[in-house]
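Please look through the model shown below, and keep its sequence at hand while reading the explanation.

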Amino acid sequence: MMLIERHIPEGDDFLDPAEVLTLDAPELARRTQALVPLLRDHAAEAETLRRPVAEVWSAIRRSGFFYQFVPKAFGGMATDTDGFIDAALPLAMADPGTAWSACFCAGHNRTLAQFPVEAQQEIWGGDFPYIVAPSLGAPPAKGVRVDGGCRISGAWSWGSGIMDADWVLAMAMLASEGADPQFVMTVFPAAEATVTDTWRMDGLASSGSNDVSVTELFIPEHRMMVDIGSMIAGGTIGARGHPEPVFHMPMVTFAGLVAVVPVLGAAKGLLDLYRQLLPERTVKGSQARQSENPLAQSRLAQADVMISAAEQIVRNASRLGQTAAGLEPGEQVPLRVRLRAELAFAVKLCRDAAALMMEGAGSSVHHLDQPFQRIVRDLGTMASHVAFDADASNELHGRLLLGMSPNSSIF
């Protein structure tokens, strides 16, 4: 087991609270758009390092990106999902891997809003105006209840954001004598966890999503979310103090949205590169530029329409997901299932558009110093996320359309 050095933020770059009060979604989108050259310049380096570049991550922090899903009651932006999409897309178009971790860490502040008020007050009301935290679920840690909380041990995979985290959100399964095990979500300082160097992937390398482990770690009661059912439906006691609909969205719907935006951004970034490529490319044996080729023009147009359709699906799903916040848990189910299938279809459109463009881009884009091939690999790895399993999501949606019961809990 090889441990890896990470950067735990010192917190000296939090924005002045007065600045956050004036920060709205259009201004944040303007700030993230201004970061595009920086992310592009360092994207290849981030892939080599297998983590976000420190200068880039610091710039994202200074933009205010991580305040988006902190409730207004704690000095955050409490932005809506459209605002999040607008702010995240420029980052993802420039470096999907870094954006993947940034999007998840921003979104995980919403998870903290589901915790008991005591935890929110301790963290947001203390030294952390926002948290940078992975959310770890598989496999859950194991633990037992002890006086004042629980004690857990385990190792989780897929720790997107852990390389620059100050807190960790993680699932655990607590043994209970004479009863079924109890699932809980916990939150604890990142300094109390060990990070193992496991993230060696052919795509999304710059996300730095390494494995995380703890041994006999004590979690106080107030940093345990035990009402998992309400968290899934988006209606925990901790969230009820925050009136904004985003804090009451179903959990899987919100998580799917956070994950799909970097995919969409990657596809949009590829489209820009492909459009720039065609006027410069000639096929061997011909003097004509590909921009003059009707078939190349058609391919570009088709990719553009596919990605545009994907964006419309994503934006519509994000708005419908917020309306689900006003429904009872049982009434949410058909909508949650359909939205999962729609987001999976949006990802398929992006993936198919990327393949279409790659087929028409020629051999030169396969050089390792070309961003085109790197973004295609990043997109393919993101598209393999369980949330975008089209077979599973379509089967689930089809069952409900036929009046049958769900056969999965991921919706």
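The following paragraphs deal with the nonpolar core, then with the cavities, and finally with a single proline.

The structure is a predicted model. A useful place to begin is its largest nonpolar core, which has 130 residues. Within this core, the residues with the most contacts are F65, F66, I152, W156 and F188. The element that gives the most to the core is helix α9, which spans residues 251-277 and supplies 14 residues.

One of these core residues, I152, may be examined in detail. Leaving out residues up to four places away in sequence, I152 touches A141, K142 and G143, then A172, L174, T186 and F188, and further along the chain V214, T215, E216, L217 and I219. Among these partners, F188 is itself one of the core residues with the most contacts.

The next topic is empty space inside the protein. Rolling a probe the size of a water molecule over the atoms shows where such space is left. How many cavities of 30 Å³ or more does the structure hold? There are 2.

The largest cavity has a volume of about 70 Å³. Its lining consists of V252, T253, G256, R336, L339, R340, L343, A387, F388 and F411. Helices α9 and α11 (329-360) each provide at least two of the lining residues, and α11 gives the most, with 4 residues. By class, the lining of the largest cavity comprises 6 nonpolar, 2 polar and 2 charged residues.

The second largest cavity contains about 40 Å³ of space. The residues that line this cavity are M249, T253, L257, A317, S318, L339 and L343. Two or more of them come from each of α9, α10 (294-323) and α11. Here the lining has 5 nonpolar and 2 polar residues, but no charged ones. T253, L339 and L343 appear in the lining of the second largest cavity and also in that of the largest.

The last stop is P406, which lies in the segment after α13 (390-401). Is P406 buried, partly exposed or exposed? Its relative accessible area is 36%, so P406 is classed as partly exposed, a term that covers values between 20% and 50%. Apart from neighbours within four places in sequence, P406 is in contact with V333, L396, R399, L400 and F411. Of these partners, F411 also belongs to the lining of the largest cavity. As for distance, P406 and D202 are separated by 204 residues in sequence and by 34 Å in space, taken from C-alpha to C-alpha.

Terms used:
Residues numbered from 1 in each chain as written. Predicted model: local features only at pLDDT ≥ 70, side-chain atom pairs only at ≥ 80, totals over all residues. Heavy atoms only, no water. Core = buried A, V, L, I, M, F, W, Y, C linked by side-chain atoms within 4.5 Å. Buried < 20%, exposed > 50% of the residue type's maximum accessible area, 1.4 Å probe, protein only. Contact = heavy atoms within 4.5 Å. 1 Å grid on protein atoms, 1.4 Å probe; cavity = no way out; pocket = protein on both sides within 12 Å on 5 of 7 lines; lining within 4 Å. Points joined across faces, edges and corners; volume = space filled by probe spheres on them. Nonpolar A, V, L, I, M, F, W, Y, C, P; charged D, E, K, R; others polar.
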